Amino acid sequence: MGTPTTSPAPERTVRLRELGPARRGSRPDEVVIAVSPAFADFFTKTIVDVPHAEVLRQLLAGIEEQGVTARIVRVRDTADLAAIAHTAAQLSGSGIAVGVLARGTTMIHQKDLPRLSNLELFPQSPLLDAQVFRRIGSNAAQYAKGESPEPVPTRNDQMARPRWQAKAALLHLKEVECIEAGRDPVEVEPAFELSRAG
Amino acid sequence: MPDRARLVVGVDIGNSTTEACLAAVAPDRTVSYLGTDLTRTTGVKGTPDNTDGVLTAVRGALRRAGRAAAELDAVLLNEATPVISGLAMETITETIITESTMIGHNPATPGGQGLGVGTTVSLTELDEIDPGPPVVCVVPHGWDFEDIASTVNAAVGRGVDVVAAVLAGDDAVLVANRLTRPVPVVDEVAAVEKVPLGMLAAVEVAAAGYTIRTLSNTYGLATVFGLDPDQTRHVSPVARALTGNRSAVVVRTPSGDVTDRRIPVGTLELRGSGKTLRVDLATGAEEIMDAVARAQPLEDAHGEPGTHVGGMLAQVRDTMADVVGQDGEEAGSPVEIAINDVLAVDTFVPAEVRGGLAGEMHLENAVALAAMVSTSRSRMRSVAERVAEELGVATLIGGVEGKMAVRGALTTPGVDRPVAVLDLGGGSTDAAELDREGRDTAVHVAGAGELVTKLIDSELALDDREVAENIKRSPLAKVESFFHVRHEDGTVQFFDEPLPSHVFARVVTLAPEGPTPIPTRHGLDHVRQIRREAKRRVFVVNAVRALRQVAAGGNLRTLDFVVLLGGSALDFEIPEMIADALAGYGIVCGTGNVLGTEGPRNAVASGLVAAHAAAAP
C-alpha cells in the first residue's frame with residue numbers, strides 16, 4: 001500500500017525536462033507514463049491538491065516495485081485522456097501505458113485496444129489519492145509482465161460530480177489552452193526536488 | 001392385439017432435465033422412434049411440480065414429430081428413484097499462531113535476497129541505537145519508501161549492522177533498490193505493529209524463481225535460533241508451513257508457537273450389513289470411505305447429534321421428507337428416510353490464519369461429504385395423475401430408472417450384453433447392469449457434478465458457484481494479447497477481431513459463448529489441476545465404486561461394455577478419465593449414443609419405450 005509522508009511536509013516538486021521526440025520503445029518490460037500538456041507545468045497539483053510530483057512518484061514506485069522500467073512522455077497536441085494514453089501505448093515496448101491528466105484523471109491503455117476503450121479507467125479525479133496512483137502503477141506493470149492483476153477498485157462518489165464538476169470543467173478549459181497543435185509527443189525526464197516551503 | 005401402431009412417449013424426469021422420447025410401437029412390437037425433446041425439470045425431482053416440465057417435453061417431442069396430443073396412446077413415466085443428495089464441507093484443521101511467526105505470508109514482490117538474523121528494532125528508534133549486534137528493522141505504517149531507505153542508510157553509515165527489514169507497505173523492492181548495503185526485505189505485513197521488538201528474528205528472501213531454503217528447514221531454524229532437540233521438535237510445524245514461500249519472517253519469542261489443531265466435527269455412524277460402525281470425520285476421507293465399504297450395503301447413516309455432521313445429515317433428511325411426505329393422500333405412516341450412501345472427499349479450504357500478522361491465508365484440510373437419500377415411496381403417482389388429466393392420455397409409471405437406462409443404452413451402436421451403464425448426473429452417480437440372461441441390477445451412489453462444482457469453488461476460494469460451474473464445464477486458456485490466447489494444452493489460437501478488454505491478461509474459460517475471465521490470482525496450471533483433481537476424486541472414484549456394486553461378485557472384469565450416460569458424460573474430459581481408469585480391467589468404455597443420434601441423453605426415456613414395447617399385450 002502507499003505510504004503518505006508523515007513528517008510535516010518537505011513537499012516534493014517535479015520539473016519535467018524535455019529530452020527530445022518520444023520514440024517507440026523496444027523493451028518488453030517497460031510501461032510508458034503519458035502526461036497531458038499542462039501536467040507539472042501550468043498546473044502542479046490535481047483537482048484535490050495531490051502534487052503532480054507525488055502522482056508521478058507513486059506511479060513510478062508502483063512500476064518499480066514490480067521490477068518493471070518506466071519512461072515518461074508528454075503528449076502536447078491533445079487533452080483527451082483516451083488519445084493521450086493510446087498514443088503512449090503505441091510508444092510502449094510492452095504495449096501498456098498509463099495516461100494521466102493534470103486534474104488527475106487516469107487510464108491504463110493497451111496498444112491493440114481501440115482508442116476509446118481501455119484496460120482500466122479512473123474517471124473520478126477527486127477520488128484519486130497517492131495510494132490509488134501507486135496501485136495503478138503496480139497494475140500497469142503487472143499487465144506488462146503478462147500477469148493478471150486484480151483491477152484497482154474504482155471508488156464512486158455520487159456527490160463527486162455535482163461538487164467538482166465546475167472546477168473540473170475550468171481545469172479542462174485551462175488544459176485545452178495549453179495544447180500545442182501539431183506537435184509530437186516528447187520524452188521527458190523528471191527532476192524531483194524537496195522544497196521545505198510546504 | 002391392436003391392429004395399428006400405438007403412439008407412446010417415454011418421459012424421464014431427471015434432477016436437472018426432463019427428457020421425452022416419442023415412438024410408434026407396431027403390432028409386431030417393433031419400435032420406430034419418431035422424435036425426442038429435452039427441457040428443464042420443474043421443481044424437485046419426484047414431486048408434483050414436475051408436471052409442467054413433463055408436459056413441455058411431451059408437447060415438444062410431438063411437435064418435432066408433427067403429431068398431435070390426441071393421437072397419443074400412452075405416456076410412460078420413469079419410477080424416479082427419489083434420490084436427493086446433500087453436500088456439506090467441514091474444515092477439520094485450524095492453524096493458530098501465537099505471537100511470533102508469519103506463515104503462509106508470501107508477498108508478491110519481496111526485496112533483496114539472502115538471510116538476515118538479528119534483533120528486531122523499530123525504524124523510529126534506529127537513529128538512537130549504537131553500533132553493535134545485528135538488527136532487523138521493523139517499519140511501521142505511514143513511512144515513505146525514500147524516507148525508509150535514507151534512515152536505514154544513515155544508520156548503516158554510522159556502523160549499525162542492519163541485516164534485514166520488515167515493512168508494512170508494498171515497498172520492499174523500492175526500499176531494497178535504494179539501500180547502500182543490500183539486505184533482504186519482506187513487505188505487506190499488515191499487522192506490523194504486532195511484530196515483537198527486541199526479539200531475535202530471521203528474515204529470508206529467495207532469488208526470483210526460487211523458494212526459501214533455511215527457514216523452511218527445521219534444522220535451518222534450529223541453527224539460526226540455536227535450538228535444542230526439544231525446541232526443534234516444537235518449531236517443525238513452522239518450517240513446514242513456510243515451505244514453498246519466496247520470503248519468510250520468523251521471530252523467536254519465549255512463548256511463540258504455531259499449532260495445527262484438529263477441530264472436533266463429530267463422528268459418523270454407519271449402519272449396514274448387520275453392524276454399526278463409527279468413524280470420526282476428522283480422520284479424513286480415506287478412513288470414512290473404508291468404513292462405508294465395510295458397511296455395504298449401507299442401511300442408514302447418522303451424524304452425532306449436536307455436531308456439524310449431525311446437522312448436515314439432518315438437513316438432507318429434512319429436504320427428503322419434504323419431497324416424499326406432507327402429501328395428504330400419501331401421509332399416514334411416518335416416512336422411512338434412510339441415507340443409503342455417503343461419499344467423503346478430502347479437500348482444502350483457504351482460511352485466514354488466526355493470530356497471523358499479515359492476514360496470512362493457510363490451506364486448511366477439510367472433508368466434503370455427499371450423502372444420498374432414497375425412500376420407499378415417491379410421489380410419481382400424483383405426477384402421473386396430473387399428466388393424464390392435462391393430456392387426456394393414459395399415463396403409466398414404468399420401470400426403475402437405472403434399469404430403463406440400460407435398455408436405452410443398448411440402442412447405442414456397437415453395444416451388446418452384458419452391459420453396464422454409468423449415469424453421471426448432478427446429484428448422484430448411478431450404475432446399472434444387464435447381463436446375458438436379461439437380469440438387471442441398479443445402484444445409486446452419492447456424489448456427482450454438484451460436488452465437483454463445490455470442490456472447485458472452495459479450493460480456489462472463488463465463493464461464486466457460477467464461476468466454478470464454468471471452470472468445470474470448459475477448458476481454460478490464458479489471454480496473452482488482444483489477438484491470441486494460449487490454450488491449456490499449450491497451443492496458441494489467433495483471432496481476427498480483438499478480444500474484449502475485460503479478458504485481457506486473464507485466465508479464462510472457453511465456453512461456447514466466448515471467453516469468461518476467472519477472478520483468481522492463480523495461474524492456469526493451478527486451476528487446471530484443481531479442476532481435474534476434483535473430477536477424478538468424485539467421478540473416477542464413484543465410477544469404480546458403483547460398478548463394483550453391480551458387477552457380478554464385485555469383480556469389474558466380468559463387465560464387457562460400459563456406457564456413460566447423463567449430463568456429465570458430455571463433459572470434455574470426464575469420459576476419458578473414467579475410460580482410462582477402467583482400461584486396466586479390460587472394459588470397453590465410452591460415451592453412449594442413444595438411438596445412434598442422441599448422444600448420452602435420452603437413455604431412460606428410450607428405455608421406457610423399449611421396455612413397454614417388449615411387455616406390450
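**Exercise 1. The end of a helix in chain B**

Task: Determine which residue just after H2(B) takes a positive phi, and establish which residues of H2(B) are buried.

Solution. The residue that directly follows H2(B) is B:Gly159, and its phi is positive, at about 105°. This value, like the others below, belongs to a predicted model.

Step 1: consider the length of the helix. H2(B) consists of 14 residues and spans 20 Å from its first C-alpha to its last, close to the 20 Å expected at 1.5 Å a residue.

Step 2: list the buried positions. In H2(B) these are B:Phe145, B:Ile148, B:Ala149, B:Val152 and B:Ala155. They lie on the same side of H2(B), because the arc that they cover around the axis is only 130°. A general rule is helpful here: an α-helix has 3.6 residues a turn, so residues three or four places apart point the same way.

Step 3: turn to the other side of H2(B), where B:Gly157 and B:Arg158 are exposed.

Step 4: identify the cover. The buried residues of H2(B) are covered by elements that include helix H1 (52-65) of chain A, together with strand E9 (135-139), strand E10 (162-167) and H3 of chain B.

**Exercise 2. The contact between the chains**

Task: State how many residues each chain brings to the contact, and which element of chain B gives the most to its side.

Solution. Step 1: chain A contributes 21 residues and chain B contributes 22 residues.

Step 2: on the side of chain B that touches chain A, at least two residues each come from helix H2 (145-158), helix H3 (172-178) and strand E24 (476-481). H3(B) gives the most, with 3 residues.

Step 3: sorted by class, this side of chain B holds 10 nonpolar, 6 polar and 6 charged residues.

**Exercise 3. The fold of chain A**

Task: Describe the order of the elements in chain A and explain why chain A is as compact as a globular protein of its length.

Solution. Step 1: chain A contains 4 helices and 7 strands. Starting at the N terminus, their order is β-β-α-β-α-β-β-β-α-α-β.

Step 2: compare the radius of gyration with the globule rule. Chain A has a radius of gyration of 16 Å, close to the 16 Å given by the rule for 198 residues, so chain A is as compact as a globular protein of that length.

Step 3: add the extent and the burial. Along the principal axes, the C-alpha atoms of chain A fill a box of roughly 40 × 40 × 35 Å. Of its 198 residues, 49% count as buried.

Step 4: examine the contacts. Among those between residues at least 6 apart in sequence, 77% join residues at least 24 apart.

**Exercise 4. Buried or exposed?**

Task: Decide whether B:Ala603 is buried or exposed, and do likewise for B:Arg439.

Solution. Step 1: B:Ala603 belongs to helix H14 (residues 603-615) of chain B. It counts as buried because it has 34 C-beta neighbours inside 10 Å, and the cut-off for burial is 20 or more.

Step 2: B:Arg439 sits in the loop between strand E22 (428-434) and strand E23 (440-446) of chain B. This residue has 10 C-beta neighbours inside 10 Å and therefore counts as exposed.

Step 3: relate sequence to space. B:Ala603 and B:Val406 are 197 residues apart in sequence, yet their C-alpha atoms are 7.5 Å apart. Beyond its neighbours within four places in sequence, B:Ala603 is in contact with several residues, among them B:Val421 and B:Leu565.

Note on methods
Residues numbered from 1 in each chain as written. Chains lettered and ligands numbered in written order. Predicted model: local features only at pLDDT ≥ 70, side-chain atom pairs only at ≥ 80, totals over all residues. Rg over C-alpha atoms; globule rule 2.2 N^0.38 Å. Buried ≥ 20, exposed ≤ 12 C-beta atoms within 10 Å, placed from the backbone. Contact = placed C-beta atoms within 7 Å. Nonpolar A, V, L, I, M, F, W, Y, C, P; charged D, E, K, R; others polar. Expected span 1.5 Å × (residues − 1). Arc of directions from axis to C-beta.
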